Amino acid sequence: MIETDKQYKIIYHKDECIGAFACVAAEPNHWEQNGAKADLIDYDEETDETYIKYVDDIGNNLEAAQSCPVNCIHIVDLENDKELI
């Protein structure tokens with residue numbers, strides 16, 4: 001685990017992605033279409049098809065996670081260790 005002073009952690013389980021690309025539509029600054037599945041741009045960690053990115057500003061990533069039809073994107077508020085979605 002990376003020590004960070006960022007506010008949020010985005011967790012993406014790519015192996016569960018079905019390629020709906022709702023995340024790309026909601027937040028194209030953090031998500032991109034790459035073949036049949038979405039990619040989390042400039043992630044910080046990767047383990048077994050799980051990608052993690054730490055950010056200060058959640059931007060539209062909450063909407064990206066909420067719009068995912070298979071719920072493979074999760075966001076954690078690191079200040080209180082609470083999962084927002």
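The following dialogue examines charges, cysteines and backbone angles in a predicted model.

Biologist: What makes the contact of Asp39 with Lys14 a salt bridge?

Modeller: The closest N and O atoms of Asp39 and Lys14 are 2.4 Å apart. A salt bridge requires a side-chain nitrogen of Lys or Arg within 4 Å of a carboxyl oxygen of Asp or Glu, and therefore the pair qualifies. Asp39 belongs to strand E3 (residues 37–40) and Lys14 to the loop between E1 and helix H1 (22–26), so the salt bridge ties together parts that are 25 residues apart in sequence.

Biologist: Are Asp39 and Lys14 buried or exposed?

Modeller: Both Asp39 and Lys14 are buried, a term that stands for under 20% relative accessible area.

Biologist: How many salt bridges does a search of the whole structure find?

Modeller: The search finds two. Asp56 forms a salt bridge with Lys6, and their closest N and O atoms are 3.5 Å apart. This pair links distant parts of the chain, 50 residues apart: Asp56 is in the loop between E5 and helix H2 (61–67), and Lys6 is in the segment before strand E1 (8–13).

Biologist: Why is Asp56 called partly exposed?

Modeller: Its relative accessibility is 46%. Partly exposed covers what lies between buried, under 20%, and exposed, over 50%, so the term applies to Asp56. Lys6 is also partly exposed, with a relative accessible area of 33%.

Biologist: Cys68 and Cys72 are the closest cysteines to consider. How do you know that their sulfurs are not bonded?

Modeller: The sulfur of Cys68 is 3.6 Å from that of Cys72, too far for a bond. A disulfide needs two cysteine sulfur atoms within 2.5 Å, and therefore this pair does not count as one. A search of the whole structure finds zero disulfides.

Biologist: Why are Cys68 and Cys72 each called buried?

Modeller: Cys68 has a relative accessibility of 13%, and Cys72 has 1%. Buried means under 20%, so both values satisfy the term.

Biologist: Which residues gather in the patch of negative charge on the surface?

Modeller: The patch gathers Asp15, Glu16, Glu46, Asp48 and Glu49. Glu49 is found in the loop between strand E4 (45–47) and strand E5 (50–55), and Asp48 also has its place in the loop between E4 and E5.

Biologist: What makes Glu49 accessible enough for a patch?

Modeller: Glu49 is partly exposed, with a relative accessible area of 34%. Residues in a patch have over 30% relative accessible area, so Glu49 meets that cut-off. Asp48 counts as exposed at 67% relative accessibility.

Biologist: What is notable about the phi of Asp48?

Modeller: Phi of Asp48 is near 45°, a positive value in a residue other than glycine. Most residues other than glycine have a negative phi. Asp42 also has a positive value, with phi near 55°. The place of Asp42 is in the loop between E3 and E4.

Biologist: Why is Asp42 called exposed?

Modeller: Its relative accessible area is 63%. Exposed means over 50%, and therefore the term fits Asp42.

Biologist: Where is Glu79, and how far is its C-alpha from that of Asp5?

Modeller: Glu79 sits in the loop between strand E6 (73–77) and strand E7 (82–83). Glu79 and Asp5 are 74 residues apart in sequence, while their C-alpha atoms are 9.4 Å apart in space. Glu79 counts as exposed, because its relative accessibility of 67% is over 50%.

Terms used: Residues numbered from 1 in each chain as written. Predicted model: local features only at pLDDT ≥ 70, side-chain atom pairs only at ≥ 80, totals over all residues. Heavy atoms only, no water. Patch = residues over 30% accessible without salt bridge, like charges linked within 9 Å, V, L, I, M, F, W, Y side chains within 5 Å. Areas by Shrake-Rupley, 256 points an atom, 1.4 Å probe, with all protein chains shown as cover. Lys, Arg positive; Asp, Glu negative; His and termini not counted. Charge placed at Lys NZ, Arg CZ, Asp CG, Glu CD. Helix = DSSP H or I, 4+ residues; strand = E, 2+ residues; numbered from the N terminus. Buried < 20%, exposed > 50% of the residue type's maximum accessible area, 1.4 Å probe, protein only.
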